[in-house]
Amino acid sequence: MSTSAHGSWRIFRGDGVARPVSMPPAPPWRRFRPGGRGSGPLPYLVAPEHADVVNAALHLRRPLLVTGPAGTGKSSLARAVAHELSLGELLRWPVNSRSSVQEALYQYDAIGRLRETTLSRDRGEAEPAIGTFIRLGPLGTALAPHDTPRALLVDEMDKGDVDLPNDLLTVFEEGVFDIPELGRLPEEMAEVEVLTADHRGSVTVRQGRVECTEYPVVVITSNGERDFPPAFLRRCIRLALPMPDEERLRAIVAAHLGPEILPEVDDLLQAFLRRRAPGELATDQLLNAVFLRTNGVDLDADGLLDAVLHQLTGTV
């Protein structure tokens, strides 16, 4: 690659000299400005047999439990379903070791309410409505009454507490939960407007009970780090996503970056396939390498290919 070509992509030179730069266009999957992704989300390719499993979960109104190695598109599947079914903004609950069902249902800012109530009384004003201090979580928003179901992604549930799946059983089966802080209000305050997780509106809660009218589309992802209880698995439709083969990888690259680039990145694809093992390389790493190559980066330069196609397991 020529010196001028090197200069076109090396916006950081490491020479300590400050200079104005023009940031290059971001990859399509790393654009966050409104409208930056075009008219819709990024393309998602799914095999017909996997789409059939998704449809089974939709018809049966059951959670879809999606497993597979990192980079197989588990989370992207939830976004694709929400987009194709016009279910609105995808609600996302990223699970960690401290996650609880209660916080995913709703949060009540009791301290904020006490402070604002005291200030209002001191000013001789009416007390603020309790609903302004209650916000439904992603799970609670998904279960709130809607004309059409909402889509909820429960991401990496195997990272949660061992009791989390069992705690979800009743909520998923009944589609209802209570907010005790509202259930104790007098009859004349039976209906309360509370905020939603998507920060775009509110829903009416009567007598402290939230009950869904349309069961949400629930996609639960797992990296297979531990097993789930049989009772939980029995209530889910299970989908295991495999690592994409060479043909599907080519289709993914073409869908994201255009079919015309395939001939010039065949060596990257072959290098990816040689290095790949379950859990060690993800498909988005291949997309990253292809994007850099097509934007003037010499991916044959020493160390650069290794930096992009690095293993996801082991010591960093």
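Start your tour by selecting Thr283, which you will find in helix H12, the stretch made of residues 283-294. Keep in mind as you click around that this model is predicted.

**Stop 1: Thr283 and its neighbours**

Is Thr283 buried or exposed? Its relative accessible area is 7%, and a residue counts as buried when that value is under 20%, so Thr283 is buried. Now show the residues that Thr283 touches, leaving out those up to four places away in sequence: Gly71, Pro244, Leu249, Ile252 and Phe272. Try colouring these five so you can see what surrounds the threonine.

**Stop 2: helix H5**

Next, select residues 110-122, which form helix H5. Here is a little check you can do with the distance tool. With 13 residues at 1.5 Å a residue, H5 should span 18 Å. The C-alpha atoms at the two ends are 18 Å apart, so the expected span and the model agree.

Which residues of H5 are buried? Pick out Gly112, Thr117 and Ser120. Around the helix axis they cover an arc of only 125°, which means that they sit on the same side of H5.

Now turn the helix around. On the face pointing away from the buried side, you will meet the exposed residues Ile111, Leu114, Arg121 and Asp122. Then step just past the end of H5 to Gly124, where phi is positive, at about 70°.

**Stop 3: from Gly112 to Leu60**

Go back into H5 and select Gly112 once more. Its relative accessibility is 2%, so Gly112 counts as buried. Add Leu60 to your selection and draw a line from C-alpha to C-alpha: the two are 52 residues apart in sequence and 41 Å apart in space.

**Stop 4: the whole chain**

Finally, zoom out and switch to a cartoon view. How many helices and strands does the chain have? There are 13 helices and 11 strands. Rotate the chain and compare its extents: along the principal axes, the C-alpha trace spans about 75 × 50 × 40 Å.

Of the 316 residues, 41% count as buried. Among contacts with a separation of 6 or more, 77% come from residues 24 or more positions apart.

Turn on the surface next. The chain exposes about 17600 Å², and carbon and sulfur atoms supply 51% of that area. For a last look, colour by charge: you should find 34 positive and 44 negative side chains, with the centres of the two sets 3 Å apart.

Technical notes:
Residues numbered from 1 in each chain as written. Predicted model: local features only at pLDDT ≥ 70, side-chain atom pairs only at ≥ 80, totals over all residues. Heavy atoms only, no water. Helix = DSSP H or I, 4+ residues; strand = E, 2+ residues; numbered from the N terminus. Buried < 20%, exposed > 50% of the residue type's maximum accessible area, 1.4 Å probe, protein only. Contact = heavy atoms within 4.5 Å. Areas by Shrake-Rupley, 256 points an atom, 1.4 Å probe, with all protein chains shown as cover. Lys, Arg positive; Asp, Glu negative; His and termini not counted. Charge placed at Lys NZ, Arg CZ, Asp CG, Glu CD. Expected span 1.5 Å × (residues − 1). Arc of directions from axis to C-beta.
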